[in-house]
Amino acid sequence: MIWTVIEFVAIFVECFLIARLIIKYFGLRSKKHYVLKWAALLLLLSIIDCTGSFIFKNELFMISGFILTIILYSIIFLRGNSFEKITISVIAYMLVYFVNIPILTISSFFTGISPAEISDPENQHIIRMIG
């Protein structure tokens with residue numbers, strides 16, 4: 001139970017960081033409904049991450065869903081050119097892995113569980129501190 005709560009918190013933090021990066025980098029086309037637009041992106045990313053982590057347990061679904069959602073959101077609500085939006089969407093998701101890998105290694109060191117076991121979605125020892 002506690003690991004599921006930690007997983008949900010990690011998902012929210014991960015999605016918050018991606019949403020913040022994307023919105024701060026490009027800037028919204030219109031400041032109207034700023035909080036609603038922020039919440040919509042955060043909610044969409046969180047739903048995709050939760051669906052990929054808990055239901056489908058498929059990293060490819062999660063990555064493609066994240067990138068596609070960010071690209072579509074960027075095209076609709078954010079300033080900037082399309083090529084830059086696609087590039088930054090991919091980079092934003094890659095940056096999450098630069099955070100996740102050290103956390104995974106540290107978690108593995110302190111728990112004594114191998115990184116492969118920690119990251120295996122079928123394993124009952126889902127341990128994920130942040131990311």
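In what order do the elements of the chain run from the N terminus on? Here are my notes on that and a few other things to look at.

1. **The overall layout.** This is a predicted model, so keep that in mind as you go through it. Starting at the N terminus, the elements run α-α-α-α-α. In total the secondary structure comes to five helices and zero strands. The chain has 131 residues, and 37% of them count as buried. Its accessible surface is about 7,900 Å², and carbon and sulfur atoms account for 75% of that.

2. **Contacts across the sequence.** Take the contacts in the chain with a separation of 6 or more: 64% of them are between residues 24 or more positions apart. You'll meet a few such pairs below. One of them is I22 and A92, which are 70 residues apart in sequence.

3. **The core.** The largest nonpolar core has 23 residues. The ones with the most contacts inside it are I18, I22, I23, L45, F66 and L78, so try picking those out on screen. Four helices give two or more residues each to this core: α1 (2–26), α2 (34–55), α3 (59–77) and α4 (82–111). Of these, α1 gives the most, with seven residues. As background, nonpolar side chains tend to be buried together in soluble globular proteins.

4. **I22, inside α1.** Is I22 buried or exposed? With a relative accessible area of 0%, I22 is buried. This residue lies in helix α1. Look past its neighbours within four places in sequence and I22 is in contact with G27, I70, S74, L78, I88, S89 and A92. The C-alpha atoms of I22 and A92 are 7.5 Å apart in space.

5. **Two more α1 residues to compare.** I11 also lies in helix α1, and its relative accessible area of 1% makes I11 buried. From I11 to L45 is 34 residues along the chain, while their C-alpha atoms are separated by 8.9 Å. F16 has its place in α1 too, but F16 counts as partly exposed because its relative accessibility is 33%, and buried would need under 20%. Setting aside residues up to four places away in sequence, F16 touches W38 and L42. The C-alpha atoms of F16 and L42 are separated by 6.1 Å, with their positions 26 residues apart along the chain.

6. **α2 and its buried side.** How far apart are the end C-alpha atoms of α2? They are 31 Å apart, which agrees with the 32 Å that its 22 residues should span at 1.5 Å a residue. The buried residues of α2 are K37, W38, L41, L42, L45, S46, I48, D49, C50, T51, G52 and S53. Leaving out residues up to four places away in sequence, L45 touches C15, I18, A19, F66, T69 and I70. S46, also in α2, is buried with a relative accessible area of 13%. Beyond its neighbours within four places in sequence, S46 is in contact with I11, F12 and C15.

7. **Positive phi on either side of α2.** In the loop between α1 and α2 you'll find H33. H33 is not a glycine, yet its phi is positive, at about 60°. After α2 comes K57, and its phi is positive as well, near 50°.

8. **α3.** This helix has 19 residues and reaches 26 Å from its first C-alpha to its last, close to the 27 Å expected at 1.5 Å a residue. Its buried residues are M62, G65, F66, I67, T69, I70, I71, Y73 and S74. You've already met some of these as partners: F66, T69 and I70 are among the residues that L45 touches, and I70 and S74 are among the contacts of I22.

9. **K85, one to puzzle over.** K85 has its place in helix α4. How far away is the nearest side chain of opposite charge? That side chain is E84, and it is 8.3 Å away; K85 is buried yet has no salt bridge. Leaving aside neighbours within four places in sequence, K85 is in contact with F26, R29, I71, S74, I75, L78, R79 and G80. S74 and L78 turn up among the contacts of I22 too, so those are handy places to see both surroundings in one view.

Terms used
Residues numbered from 1 in each chain as written. Predicted model: local features only at pLDDT ≥ 70, side-chain atom pairs only at ≥ 80, totals over all residues. Heavy atoms only, no water. Core = buried A, V, L, I, M, F, W, Y, C linked by side-chain atoms within 4.5 Å. Buried < 20%, exposed > 50% of the residue type's maximum accessible area, 1.4 Å probe, protein only. Contact = heavy atoms within 4.5 Å. Lys, Arg positive; Asp, Glu negative; His and termini not counted. Salt bridge = Lys/Arg side-chain N within 4 Å of Asp/Glu carboxyl O. Areas by Shrake-Rupley, 256 points an atom, 1.4 Å probe, with all protein chains shown as cover. Expected span 1.5 Å × (residues − 1).
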